[in-house]
Amino acid sequence: MVRRIGLRWLLRQWLILVLILFISGGVAGFGAPHARAAEGEIKSLTLIVGGLDTRQPGEPENSDVLMLAHVDLESHTVRVVSIPRDLYVEIPGFGYDKITRAYDFGSKADGGQFKGGAAAMRATIEANFGVEVDGVVLTTFDGFVEIVDALGGIDVVNPYDLYDAEYPTVDYGTKEIFYPAGPLHLNGEQALEFVRTRHQDGDDGRIMRQQLVIRALLERARDPKIADRLPDLIKKHRKAVRTDLSRTEQLALALAAPSFTQDDVVFTTLNGLIYPDTAPNGMWIYSGDWSQLPGFVQGFLNGSA
């Protein structure tokens, strides 16, 4: 009985890592009404989930993957909005820039600390979308690769042939990649390439592939065959995830995680409300219809739209 309970707890913990990875894709949510009931019970969580492009110490840490999601712990539903990295926003305290830069600005201003980067991301989401955030969950690309490999890889169905003649490498070079249409089994490095490339089909294609991988991770983590390996996996890879969620919030998510299924997770994008543009300094960006964007995001996350 002790071992059975232990494995169940570890499974819940692992599902947290997978559920809230960019993965480990991502979650975050609408902040009104606030997540906590009057008596202190956590009914839902508002999270920012991202994947950081972290290379050498001192280099920029940009959130190449960024999602908002509303995790309802009572109805066991997750509603996720994918946000393009190039969306031009106000980053409070730092001016206007692509939303991908928020974490790096905050972290660098705080001596390279996660806390400062997370605070800047929170402030940016709250200022631009009017969404109150409960927590930030991030992983690095290396952490993403570790998680996928630890699970034994993932299975996806690629909707069309995918080719990139200039996929960016860690050493700032390029290489060719190709993933044919149809069923694919991807290891960690392949999964990272699959979700990062966008030369062929832009941000829309990349976001679609991110969502495919998130679902594949969720499916893989629910495989009973993973259970016996969970103790070692979690011990080894727990540091792949950075979060400012309290222990109480992590516990609430852990208890609810086993009840989530593929049908409980719904995704959307900002298509139709953003458009290619140029910033005042000549930088290519996405501009948004800010008369509509906050209401759309809030309505989707809280289920009213």
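**Exercise 1.** In this predicted model, identify the residues that are linked with Asp64 in a network of salt bridges.

Solution. Asp64 is joined in the network by Arg85, Asp86, Lys98, Arg196 and Arg198. A search of the whole structure gives 11 salt bridges.

**Exercise 2.** Determine how helix H5 (residues 188-196) sits relative to the rest of the structure.

Solution. Start with burial: Gly188, Ala191, Leu192, Glu193, Phe194, Val195 and Arg196 are buried in H5. That is 7 of the 9 residues, so the helix is largely enclosed by the rest of the structure. Next, take the start of H5, where a side-chain oxygen of Asn187 comes to within 3.2 Å of the backbone nitrogen of Glu189.

**Exercise 3.** Describe the salt bridge between Lys175 and Glu193 and the burial of each partner.

Solution. The N to O distance is 2.6 Å. Lys175 belongs to strand E9 (residues 174-179) and Glu193 to helix H5, so the bridge ties together parts 18 residues apart in sequence. Buried means under 20% relative accessible area. Glu193, at 6%, is therefore buried, whereas Lys175, at 33%, is partly exposed.

**Exercise 4.** Do the same for Glu61 and Arg242.

Solution. Their closest N and O atoms are 3.5 Å apart. Glu61 is in the loop between E1 and E2 and Arg242 in strand E11 (residues 241-243), 181 residues apart. Glu61 is buried at 12% relative accessibility; Arg242 is partly exposed at 25%.

**Exercise 5.** Find the residues that touch the most other members of the largest nonpolar core.

Solution. The core has 29 residues, and Ile83, Leu87 and Ile125 touch the most other members. Helix H3 gives the most to this core, with 5 residues.

Terms used: Residues are numbered from 1 along each chain as its sequence is written. This is a predicted model: local features need pLDDT of at least 70, side-chain atom pairs count only at pLDDT 80 or more; totals for chains, interfaces and linings use all residues. Side-chain values use heavy atoms; hydrogens and water are left out. A nonpolar core is a set of buried Ala, Val, Leu, Ile, Met, Phe, Trp, Tyr and Cys residues joined through side-chain atoms within 4.5 Å. Buried means under 20% relative accessible area, exposed over 50%, partly exposed in between (1.4 Å probe, protein chains only). Helices (H or I, at least four residues) and strands (E, at least two) are DSSP runs, numbered from the N terminus. A polar contact is a pair of N or O atoms within 3.5 Å; within protein, one must be able to donate a hydrogen and the other to accept it, and residues adjacent in sequence count only if both atoms are side-chain atoms. A salt bridge is a side-chain nitrogen of Lys or Arg within 4 Å of a carboxyl oxygen of Asp or Glu.
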